[in-house]
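Please open the model in your viewer, with the backbone drawn as a cartoon and the side chains ready to be switched on. The tour goes from one selection to the next and says what is to be found at each stop.

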Amino acid sequence: MNREQFFKVIEIISEHHSTEVVINEAVNGFVGELGRSKWSVTIKKCCPSVIEKLIKEGYTLSKTATGLHIDKIQELL
């Protein structure tokens, strides 16, 4: 996700209690552009309202071995 989308995710998450996340987790030891032009957030633990709000704002959640990976649905032009 891009910088703007990343900060929106952080804003949404920060409004809720008891949320644990991993930011910019390397995939197979590879970081690529993480933290420079791409960002990632994986939820380790959260209340259901975090998931509801992210989905309402157009984000997708994918189950991974480390948690729920957040991504933004790309709008078609």
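Begin by selecting Val21 together with Ile43, its bridge partner in β2, and keep in mind throughout that what you are looking at is a predicted model. Add Glu20 to the selection, and you will find this residue standing opposite Lys45 in β2. Both pairs belong to the pairing of β1 with β2, two strands that run antiparallel and are joined by four bridges.

Now widen the view to the whole sheet, which is open, has four strands in the order β1-β2-β4-β3, and is paired in the antiparallel sense. The edges are formed by β1, residues 20-23, and by β3, each of which pairs on one side only. If you look along the sheet, neighbouring strands are turned against each other by 30° on average, when direction is ignored. As you switch on side chains, it helps to recall that in a regular strand they alternate between the two faces of the sheet.

Next, select residues 41-45, which are strand β2, and residues 67-72, which are strand β4; these two pair in the antiparallel sense over three bridges. Here Thr42 has His69 of β4 as its bridge partner.

From β4, move on to strand β3, residues 59-64, which pairs with β4 over six bridges, again in the antiparallel sense. Which residue of β4 stands opposite Tyr59? Selecting Lys72 shows the partner of Tyr59, and a further pair to display is Leu61 with Ile70 of β4 opposite. Follow the chain from β3 into β4, and you will pass through the two residues of the hairpin that joins these strands.

With the sheet still shown, add helix α2, which lies across β2, β3 and β4 and runs at about 130° to β3. Then select both helices, α1 at residues 3-14 and α2 at residues 48-56, which pack at an angle of about 145° with their axes 9 Å apart. The crossing in which α1 passes α2 is right-handed. To see what makes this contact, display Val9, Ile12 and Ile13 on α1, and Val50, Lys53 and Leu54 on α2. By class, the residues of this contact are five nonpolar and one charged, with no polar residue among them.

For the last stop, turn to the largest pocket, in which about 270 Å³ of space lies. Its lining is made up of 15 residues, and those to select are Glu25, Ala26, Val27, Leu34 and Ser40, which are the closest to the pocket's centre. If you colour the lining of this pocket by class, you should find six nonpolar, six polar and three charged residues.

Technical notes. Residues are numbered from 1 along each chain as its sequence is written. This is a predicted model: local features need pLDDT of at least 70, side-chain atom pairs count only at pLDDT 80 or more; totals for chains, interfaces and linings use all residues. Side-chain values use heavy atoms; hydrogens and water are left out. On a 1 Å grid over the protein atoms alone, a cavity is a set of points where a 1.4 Å probe fits but cannot get out, and a pocket is an open set with protein on both sides within 12 Å along at least five of seven lines; lining residues have an atom within 4 Å of a point. Grid points are joined across faces, edges and corners, and a volume is the space filled by probe spheres set on the points. Ala, Val, Leu, Ile, Met, Phe, Trp, Tyr, Cys and Pro count as nonpolar, Asp, Glu, Lys and Arg as charged, and the others, Gly among them, as polar. Axes are lines fitted to C-alpha atoms, for helices over the stretch in contact, and angles run from 0 to 180 degrees between N-to-C directions. A crossing is left-handed if the near helix is turned anticlockwise from the far one by less than a right angle, and right-handed if clockwise. Contact means heavy atoms within 4.5 Å. Two strands pair if DSSP finds at least two bridges between them.
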